[in-house]
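Good morning, everyone, and thank you for making time for this. Please take a moment with the picture before I start talking about cysteines and charges.

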Amino acid sequence: MEVVLNTAKTLWYTQPPSEYMSGLPIGTGRLAAMILGTVERERVALNHEWLWRGVTRNRDLEKSAHRLQEVRDLLLAGRYEEGTRLGNEAFGGPGGVSKTPCRVDPYQPAGDLHFSIAHGAVSGYRRELALDQGLVTVSYEADGVRYRREYLAHVKHDLILVRLSAGKPFSAEFWLSRIDDAGCFLRKETSTDSLVMDGQFHEGIGFRVQARVHARGGKARVAGNKLTVSGAREILVRINIGTSANGEAPAHECARHDLPHTNWAGLLAEHARVYRRLYGRLKLDIELPEQDAPTNERMQAVRQGADDPALPLLYFNYGRYLMLASAATAALPPNLQGKWNEELKPPWDADYHHDINLQMNYWPVEAGNLGFAAEALFRHIERFVPHARKAARDVYGCDGVWFPIQTDAWGRSTPESYGWAVWISAAAWLAQHLWWHYEYGQNVEFLRRRAYPFFKEVAAFYESYLVPDQKGTLQVVPSQSPENRFVGASELPVSLGVSATMDLVFIQDLLGHAIEAANRLKVDPDKRAAWQSMLDRLPPLKIGKHGQLQEWNEDFDEVEPGHRHFSHLVGLYPGDELDPERTPALWRAARASLERRLAHSGGHTGWSRSWVACFFARLGDADKAWEHLVHLITDFATDSLLDLHPPRIFQIDGNFGGTAAVLEMLLQSYRGELHFLPALPKAWATGSVKGLRARGGYTVSLRWKDGRLARAGITPLKDGTCTVLHAEPYQVSTSAGRRVPCRRQGHRLTFRVKAGQTCIVTPAA
């Protein structure tokens with residue numbers, strides 16, 4: 001046996017792709033490109049994170065808060081069909097099933113760089129993406145000459161670079177284009193060293209795509225909008241894009257990102273220093289045989305029943321790569337398609353969905369040592385706050401903030417999906433990520449300046465939204481369980497009711513974190529008491545007639561028992577409200593709900609199947625977690641491993657959810673207690689990982705053999721007490737070999753740690 005090398009860090013193919021979604025993505029975060037690698041005419045499909053059309057960027061709200069009491073009266077009286085209909089009329093907005101268009105702004109392609117190289121028939125074709133370098137390479141032979149193309153999203157200089165080289169001088173033709181778009185005016189300008197394409201959306205924003213061509217040797221000439229270089233020994237193309245989205249002229253944005261030189265070896269070295277610092281923070285090695293087949297052939301073999309335990313490892317590494325490529329220099333988080341889109345009307349506008357999809361994108365970030373990527377999410381949240389305050393007042397007559405279920409980049413909290421939009425927990429779910437960032441990083445100033453102020457905004461909404469019933473219990477009305485419905489509510493796609501489980505869990509989550517934050521910051525004692533009183537008055541979670549965790553306040557029958565969403569199970573994962581020790585009955589009921597969903601063919605989208613893998617990993621069921629991870633890859637991925645939503649729609653959240661599932665298999669750290677290898681797959685019996693991060697401010701390394709822990713290294717950010725769960729005869733020592741005193745209580749092992757000093761946990765001799 002040997003440790004996986006290229007098997008786990010390189011996607012490679014012997015043919016060009018047959019479709020955009022099987023291309024190889026690169027990106028800096030601000031810029032992105034899909035590399036097709038076609039031979040006769042190459043297409044580099046380009047994106048800029050801020051290139052949303054901008055037509056509806058100033059949309060606003062209609063005041064509807066005066067209708068809230070009527071909707072509540074209907075729902076509290078059990079008149080769910082009337083309440084659902086009226087609730088959507090009052091608070092649902094356009095879009096959805098309203099037969100009026102929504103105002104979510106579609107994410108747009110910037111255009112394409114094309115080039116063709118003059119040569120004959122090709123042989124020995126290979127294209128690959130080296131995940132540990134962020135470099136795409138296409139190579140082949142033609143007319144006895146070896147040709148090589150290299151594509152790099154340079155994270156230091158924030159540019160897309162393309163380098164062409166060959167065994168002898170060659171000629172190439174370059175041009176820019178964009179898909180036909182009646183709503184976009186284009187102007188092109190070409191010179192002997194550059195291509196420029198300026199665009200302006202009707203009533204929207206403007207943008208510029210520019211490609212500077214640096215040729216070593218040869219001559220350049222212009223014909224129309226095409227630039228031809230003849231007799232070159234090497235050609236370097238630097239691609240930049242600017243937009244007017246933030247009030248700056250597109251040309252000015254482009255000018256801020258320059259290339260100081262054109263030495264390829266130097267550019268690679270500069271990129272590598274930054275890239276490896278980001279990507280190389282975590283390394284997972286599994287002892288497995290090398291696989292020498294192209295990635296698409298490996299995928300096909302596993303679909304036909306072959307065993308390839310290195311494929312999920314490649315998928316895991318790819319997920320971390322995609323986050324880096326989506327976020328390294330980003331001001332915006334990855335949307336439904338990350339940063340890669342070729343369509344004017346992409347599915348769901350390639351938007352931000354706040355009822356799982358955006359959150360799932362960020363599930364692997366903290367534990368996977370990609371914390372830098374969270375900044376774009378936090379900016380997204382903070383960008384919405386001013387308008388979210390207005391939305392809370394105008395739509396529901398409440399204090400605090402209200403975030404929409406579906407939105408775009410512009411920070412406008414407007415309901416835009418009639419039939420789905422009447423939901424009040426989006427802000428609380430986003431707040432969870434602020435708490436995680438504190439839990440993993442222990443940055444008190446982040447908690448004080450950014451996380452806690454947002455917690456207070458969300459809590460203020462619930463303080464004014466929850467209503468007491470006749471027994472004094474605080475109810476959530478209206479309430480829904482995205483995106484599901486129960487029998488007898490209405491023909492609309494989502495049922496409105498009272499105190500759906502998901503809403504209750506997120507209120508618990510938000511208020512619990514607000515209380516804990518206030519305790520740690522030693523502020524707002526009156527608020528703490530009020531929030532605790534609210535928690536004490538919430539309805540309890542319930543177990544239904546099938547032994548399942550109820551999804552709604554009553555034990556309704558579902559219209560679709562195999563629904564793709566598992567909204568009521570958010571307390572199992574990604575939350576921690578359900579626990580095998582503190583809430584054993586609800587823990588078992590959550591598993592019953594999961595199994596019931598799957599028995600009715602649930603998990604039938606990429607993101608949904610990745611969530612299932614996360615659930616089973618959290619439950620400690622290694623076999624089931626592995627089974628669903630493998631099915632995620634074989635059933636819901638392109639040949640370039642990009643996640644798919646049926647029928648065949650690229651949607652990146654499943655990639656990130658699958659990455660999170662692997663992290664959950666290797667280490668869990670709920671409430672700051674470390675659980676090593678809780679769902680280790682049998683197929684990964686021997687291996688190691690460095691750079692895992694854990695709640696409580698720990699960095700953890702693990703080494704295991706034959707399915708059992710051999711060594712764990714724990715490095716804390718601060719002094720304190722560390723707790724290890726399920727600590728079967730473990731002993732603890734310092735890195736110098738001195739024994740560390742421990743206290744055992746049941747299956748818990750506790751010991752003191754000091755900031756920056758690594759403790760070693762090993763099986764007792």
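I will go through the cysteines, then the salt bridges, and then a patch of charge on the surface.

Please keep in mind that this is a predicted model, and that the values I quote are computed from it.

Let me begin with the cysteines. A disulfide is a covalent bond between the sulfur atoms of two cysteines. How many disulfides does the structure hold? The count is zero, and two cysteines help to show why. The sulfur of cysteine 102 has its closest cysteine sulfur in cysteine 184, at 20 Å, which is too far for a bond, since the cut-off for a disulfide is 2.5 Å. The sulfur of cysteine 742 has its closest cysteine sulfur in cysteine 759, at 8.3 Å, and that is again too far for a bond. As for their surroundings, cysteine 102 is partly exposed, with a relative accessible area of 26%, and cysteine 742 is also partly exposed, at 37%.

Now to the charged side chains. Side chains of opposite charge can pair when their charged atoms come close. In this model the count comes to 56 salt bridges, and I have picked three of them.

In one of these, lysine 390 and aspartate 60 meet through their side chains, with 3.2 Å from N to O. Lysine 390 lies in helix 9, whereas aspartate 60 lies in the loop between strand 4 and helix 2, so the pair ties together parts that are 330 residues apart in sequence. Lysine 390 is partly exposed, at 25%, and aspartate 60 is partly exposed too, at 34%.

Another joins arginine 695 and glutamate 439, whose closest N and O atoms are 3.2 Å apart. Here the arginine sits in the loop between strand 24 and strand 25 and the glutamate in helix 10, so parts 256 residues apart in sequence are tied together. Are these two residues buried or exposed? Both arginine 695 and glutamate 439 are buried.

The remaining example is lysine 682 with aspartate 623, where the closest N and O atoms are 2.7 Å apart. Lysine 682 is in the loop between strand 23 and strand 24, and aspartate 623 is in helix 16, so this pair ties together parts 59 residues apart in sequence. Lysine 682 counts as exposed, at 64% relative accessibility, while aspartate 623, at 44%, counts as partly exposed.

Finally, the surface carries a patch of positive charge, where Lys156, Arg273, Arg277 and Arg281 gather. Of these, arginine 277 has its place in helix 5, which covers residues 264–279.

Definitions and conventions
Residues are numbered from 1 along each chain as its sequence is written. This is a predicted model: local features need pLDDT of at least 70, side-chain atom pairs count only at pLDDT 80 or more; totals for chains, interfaces and linings use all residues. Side-chain values use heavy atoms; hydrogens and water are left out. Buried means under 20% relative accessible area, exposed over 50%, partly exposed in between (1.4 Å probe, protein chains only). Patches are made of residues with over 30% relative accessible area and no salt bridge: like charges are joined within 9 Å, nonpolar side chains (Val, Leu, Ile, Met, Phe, Trp, Tyr) within 5 Å. Accessible areas come from the Shrake-Rupley method with a 1.4 Å probe; for residues, only the protein chains shown count as cover. A salt bridge is a side-chain nitrogen of Lys or Arg within 4 Å of a carboxyl oxygen of Asp or Glu. Lys and Arg count as positive and Asp and Glu as negative; His and the chain ends are not counted. The place of a charge is taken as NZ of Lys, CZ of Arg, CG of Asp or CD of Glu. Helices (H or I, at least four residues) and strands (E, at least two) are DSSP runs, numbered from the N terminus.
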